[in-house]
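Visitor: I would like a close look at one part of this protein, the way its strands pair. Please place that part within the whole and then go down to single residues.

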Amino acid sequence: MSRWVKQTTAGTTSIATTSTTDEYIVVAKTGKVTAAKLNSLSGLAAHDTNYLTFAITNLGAAASGTAALLAATDANTTKATGGSLLTANVVRSLTLSSTAADLLVTEGDVLRLRATSAATLGGAVTRPMWEITIKTVQR
């Protein structure tokens, strides 16, 4: 029998308009990541020069892992071409990696949730909250 565990960040920081902003989650249960979502108190228009790229990396328990949980595609950006805007208070689903092994997590793994600005954003992304859903297997 399986169950799902949802883990979220507190949403206490804002995404920097000109650099990289990281949040971290320690995985509570071993399983497979089945969804990743992002929500913010403010929106951000889609733009092909001034955009965000979202990435989630499983650093593992030793903080040295490199498994990418999100697809490295424009779907995980706020680009006008291939990406999409952020709408205030609307949950945005992110596109997961198509490599099944990259989605496997172990209790105690550290996930780095990263938003990287390609240039100066058109506005602040205030108090973003990330949500990770993990399908666990009951013993």
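Guide: What follows starts with the whole chain, moves to the strand pairing, and ends with two single residues.

The model is a predicted one. The protein has nine strands and zero helices, so read from the N terminus its elements run β-β-β-β-β-β-β-β-β. Its C-alpha atoms fill a box of roughly 50 × 25 × 25 Å along the principal axes. The radius of gyration is 15 Å, which agrees with the value near 14 Å that a compact globule of 139 residues would have. Of these 139 residues, 38% count as buried. The exposed surface comes to about 6900 Å², and carbon and sulfur atoms supply 53% of it. The protein carries 12 positive and 8 negative charges, and the mean positions of the two sets lie 7 Å apart. As for contacts between residues at least 6 apart in sequence, 82% of them join residues at least 24 apart.

Now the pairing itself. Four strands form an open sheet in the order 2-8-4-5, with antiparallel pairing. Strand 2 (20-26) and strand 5 (67-68) are the edges of this sheet; each has a single partner strand, so one side of each is left without a neighbour in the sheet. From the order, strand 2 lies beside strand 8. Strand 8 covers residues 110-117, and its antiparallel pairing with strand 2 runs over seven bridges. Within this pair, Glu-23 stands opposite Leu-113 of strand 8.

Strand 3, residues 31-39, takes part in several further pairings. With strand 9 (residues 129-137) it pairs in the antiparallel sense over eight bridges. Here Ala-35 is opposite Thr-133 of strand 9. Strand 3 also pairs with strand 7 (residues 104-105), again in the antiparallel sense, over two bridges. In that pairing Lys-32 has Leu-104 of strand 7 as its bridge partner. A further antiparallel pairing, over two bridges, joins strand 3 to strand 6 (residues 92-93), where Leu-38 stands opposite Arg-92. As a general point on such elements, side chains in a regular strand alternate between the two faces of the sheet.

Two residues show the pairing at closer range. The first to consider is Val-137, which is found in strand 9. Val-137 counts as exposed because its relative accessibility is 62%, and the cut-off for exposed is over 50%. Val-137 and Lys-32 are 105 residues apart in sequence, yet their C-alpha atoms are 9.1 Å apart in space. Lys-32 is the residue already named as the bridge partner of Leu-104 in strand 7.

The other residue is Ala-67, in strand 5, an edge strand of the open sheet. Ala-67 has a relative accessible area of 24% and is therefore partly exposed, since buried would require under 20%. Leaving aside residues up to four places away in sequence, Ala-67 touches Ile-56, Thr-57, Asn-58 and Asp-102. Of these, Asp-102 is 35 residues away from Ala-67 in sequence, with 5.3 Å between the two C-alpha atoms.

Note on methods
Residues are numbered from 1 along each chain as its sequence is written. This is a predicted model: local features need pLDDT of at least 70, side-chain atom pairs count only at pLDDT 80 or more; totals for chains, interfaces and linings use all residues. Side-chain values use heavy atoms; hydrogens and water are left out. The radius of gyration is taken over C-alpha atoms; the globule rule is 2.2 Å times the number of residues to the power 0.38. Buried means under 20% relative accessible area, exposed over 50%, partly exposed in between (1.4 Å probe, protein chains only). Contact means heavy atoms within 4.5 Å. Accessible areas come from the Shrake-Rupley method with a 1.4 Å probe; for residues, only the protein chains shown count as cover. Lys and Arg count as positive and Asp and Glu as negative; His and the chain ends are not counted. The place of a charge is taken as NZ of Lys, CZ of Arg, CG of Asp or CD of Glu. Two strands pair if DSSP finds at least two bridges between them.
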